[in-house]
Amino acid sequence: MADKLERVVVEAQVPLDYTYNYRVGPYIERYIKGLGDKKILATKCPQCSKVAVPPRKECGVCNKIMDEWVEVGPEGVVDNYTVGHVKIEKGLVENLESPALLAMITLDGATVPLLAEVKGMAPTDLKKGLRVKAVFTDPAEDSLADLSHFEQVG
Ligand SMILES: [Zn+2]
């Protein structure tokens, strides 16, 4: 055992770069195809009527199979939000050029909020109860990113 350390390392940066693919399953696959048609699809519980988006196979409340598909949105209400000032990419933390607005949005017809980014407004203008609408990627790319973000209605 060394009597004295000459140099102490207090920080190490290890950039991580992973590329991988995975099968999303039939529920999210149908959800992504819907986004490509500019439709937001959800599943509804036959027992408690919970409407989940993104769609889930099993209700988290009563464990019933949610096999009824419904279209929700494209507008909704901000339930809660946060403002992000940094991004973490490949293990590194960097300051954002402008703040990112992330909101829990309950879409019209849904009972479970969806986490999404809100763009086109100042952080001080984002409020609970604000009505927002979906903006889709055009042309569609067959990915979750086809629901690009939300912006204020009107
Ligand atoms: Zn249920």
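I started with how strand 1 and strand 2 pair in this predicted model. Strand 1 covers residues 40-44, and its pairing with strand 2 is antiparallel, over 2 bridges. I then looked up who sits opposite Lys44, and found that its bridge partner in strand 2 is Val51.

Next I asked myself in what order the strands of this sheet run. The order is 2-1-3, in an open sheet of 3 strands with antiparallel pairing. Which strands stand at the edges? Strand 2 (51-52) and strand 3 (68-72) do, and each has a single partner strand, so one side of each lacks a neighbour in the sheet.

Then I stepped back to the whole chain. I counted 1 helix and 8 strands. Reading along the sequence, I get α-β-β-β-β-β-β-β-β, with the helix ahead of the strands.

Overall dimensions came next. I get a radius of gyration of 20 Å for the chain, whereas a compact globule of 154 residues would come out near 15 Å. I also boxed the C-alpha atoms along the principal axes, and they fill roughly 70 × 35 × 35 Å.

How much of the chain is buried? My note says 20% of the 154 residues count as buried; for that I need 20 or more other C-beta atoms within 10 Å of a residue's own.

Last, I checked contact range. I took contacts between residues at least 6 apart in sequence, and 52% of them join residues at least 24 apart.

Technical notes:
Residues are numbered from 1 along each chain as its sequence is written. This is a predicted model: local features need pLDDT of at least 70, side-chain atom pairs count only at pLDDT 80 or more; totals for chains, interfaces and linings use all residues. Helices (H or I, at least four residues) and strands (E, at least two) are DSSP runs, numbered from the N terminus. The radius of gyration is taken over C-alpha atoms; the globule rule is 2.2 Å times the number of residues to the power 0.38. A residue is buried if 20 or more other C-beta atoms lie within 10 Å of its own, exposed if 12 or fewer, and partly exposed in between; C-beta atoms are placed from the backbone. Two residues are in contact if their C-beta atoms, placed from the backbone, lie within 7 Å. Two strands pair if DSSP finds at least two bridges between them.
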